[in-house]
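Biologist: Could you take me through this model, with the cut-offs stated as we go?

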Amino acid sequence: MFKFIALVACLAVVVLATEDYHSHPKYKFEYGVKDAHTGDNKEQWEHRDGDAVEGSYSLHEPDGTHRVVNYKSDKHAGFQAHVQRAGHAQHPAIYGEHLEEHGHGGESYANIDQHH
């Protein structure tokens, strides 16, 4: 009798594990940070329903630009992301002065005009 109960308990565990493996994943989350002291500003959200995932995140880059990434993924189209960047990169003037003081004159590669 004891062996039969143990076998039933083991089968119940296998059935539960199998159900979890094939469950339909579904969630939503979002978060954001706005720290005036450090300038750390970012946010993200994501929704998932089965194989379909959709989300977005944005952040302020250290160079002063703002990046926004919108993305989607599903089993038919795969992963797709659209990246936008707004603003013009601003680099500290002291960076160039620092190079000249140490014998590295000329322009910094970081001052290249970038268009997105």
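The exchange below turns to the strands and then to the charged side chains.

Modeller: This is a predicted model, in which local features need pLDDT of at least 70 and side-chain atom pairs count only at pLDDT 80 or more, while totals for chains, interfaces and linings use all residues. Residues are numbered from 1 along each chain as its sequence is written, and side-chain values use heavy atoms, with hydrogens and water left out.

Biologist: What is the order of the strands in the open sheet?

Modeller: Strands (E) are DSSP runs of at least two residues, numbered from the N terminus, and two of them pair if DSSP finds at least two bridges between them. Five such strands form the open sheet, and their pairing is antiparallel. The twist from one strand to the next averages 5°, an angle between N-to-C directions on a scale from 0 to 180 degrees, with axes as lines fitted to C-alpha atoms. The order is E1-E2-E3-E4-E5.

Biologist: Which strands stand at the edges of the sheet?

Modeller: An edge strand has a single partner strand, so one side of it is left without a neighbour in the sheet. The strands in that position are E1 (26–35) and E5.

Biologist: Which residue in E3 is the bridge partner of His-47?

Modeller: Strand E2, residues 40–49, pairs with E3 in the antiparallel sense over eight bridges. The E3 bridge partner of His-47 is Glu-54.

Biologist: How many salt bridges does the structure hold?

Modeller: A salt bridge is counted where a side-chain nitrogen of Lys or Arg is within 4 Å of a carboxyl oxygen of Asp or Glu. Asp-40 and Lys-42 meet in this way at 3.5 Å, N to O, and Glu-61 does so with Arg-67 at 2.6 Å. Asp-63 also forms a salt bridge, with Arg-85, and the number that the structure holds is three.

Biologist: How far apart in sequence are the parts tied together by Asp-63 and Arg-85?

Modeller: The closest N and O atoms of Asp-63 and Arg-85 are 2.6 Å apart. Asp-63 lies in the loop between strand E3 (52–60) and strand E4 (66–74), whereas Arg-85 belongs to strand E5 (residues 78–86), so the pair ties together parts whose separation in sequence is 22 residues.

Biologist: Is Asp-63 buried or exposed?

Modeller: Buried means under 20% relative accessible area and exposed over 50%, with partly exposed in between, using a 1.4 Å probe and protein chains only. Arg-85, at 29%, counts as partly exposed. Asp-63 has a relative accessible area of 14%, and is therefore buried.

Methods:
Helices (H or I, at least four residues) and strands (E, at least two) are DSSP runs, numbered from the N terminus.
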